[in-house]
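Okay, everyone, thanks for squeezing me in. Let me put the model up, and then I'll start with one residue and work outwards.

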Amino acid sequence: MNSQNTSTTSMTRVRVVQCDCNPGKTYASTQSFHQHLTTHRHEAFALKERCRDLQRRLQAMEMRWKTSTHTIHVLRRKCDALENALTHLEVPDGDEEEEGAFEDAMTTVQEER
Ligand SMILES: [Zn+2]
């Protein structure tokens, strides 16, 4: 928002102090610049900038919220599909090889959650 520039010429070194709330205006000294920071003009400008920043942050949060809501929806559907698959899973009748496959399937389902 505020800027303090120093420019050097061949003869003198000039420090230029400016503020974005009043483009083109230069302040003769750091003291006058700091005094400017207490003016209503600058405070109103600072409040507007803060408001814009908060609006940008709010929009970013809304985007994250929408993305998260979508992710939750997708995960809920996958969870429902897995629960449905488990409900209709046929339990093997004691064959050791099939039992191992059943346990592998259960482990896979739990890892995916
Ligand atoms: Zn200002």
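So, S32: buried or exposed? S32 is exposed, because there are just 11 other C-beta atoms within 10 Å, and the cut-off for exposed is 12 or fewer. This is a predicted model, by the way. You'll find S32 in helix 1, which runs over residues 30–36. If you look across from there to V17, the two C-alpha atoms are 9.4 Å apart, with 15 residues of separation along the chain.

V17 takes us to the strands. Its bridge partner in strand 3 is Y27. Strand 2, residues 13–19, and strand 3, residues 26–27, pair antiparallel over two bridges. Together, strand 2 and strand 3 make a hairpin, with six residues between them. Have a look at G24 in that turn: its phi is positive, about 95 degrees.

Now zoom out. The protein chain has three helices and three strands, and the order along the sequence is β-β-β-α-α-α.

Helix 2 is the next stop. How far does helix 2 reach from its first C-alpha to its last? The answer is 68 Å over 48 residues, close to the 70 Å expected at 1.5 Å a residue. And how many of those 48 residues are buried? Zero, so helix 2 lies largely in the open. For the protein chain, 3% of the 113 residues count as buried. On contacts with a separation of 6 or more, 16% come from residues 24 or more positions apart.

Last thing, confidence. The average pLDDT for the protein chain is 85, and 75% of the residues score at least 70. Helix 2, residues 40–87, has the highest confidence, at a mean of 97, while strand 1, residues 2–8, has the lowest, at 52. Where pLDDT is low, the predicted coordinates shouldn't be read in detail.

That's my bit, over to you.

Notes: Residues are numbered from 1 along each chain as its sequence is written. This is a predicted model: local features need pLDDT of at least 70, side-chain atom pairs count only at pLDDT 80 or more; totals for chains, interfaces and linings use all residues. Helices (H or I, at least four residues) and strands (E, at least two) are DSSP runs, numbered from the N terminus. A residue is buried if 20 or more other C-beta atoms lie within 10 Å of its own, exposed if 12 or fewer, and partly exposed in between; C-beta atoms are placed from the backbone. pLDDT is the predictor's confidence in each residue, from 0 to 100. Two residues are in contact if their C-beta atoms, placed from the backbone, lie within 7 Å. Two strands pair if DSSP finds at least two bridges between them. The expected span of a helix is 1.5 Å times one less than its number of residues.
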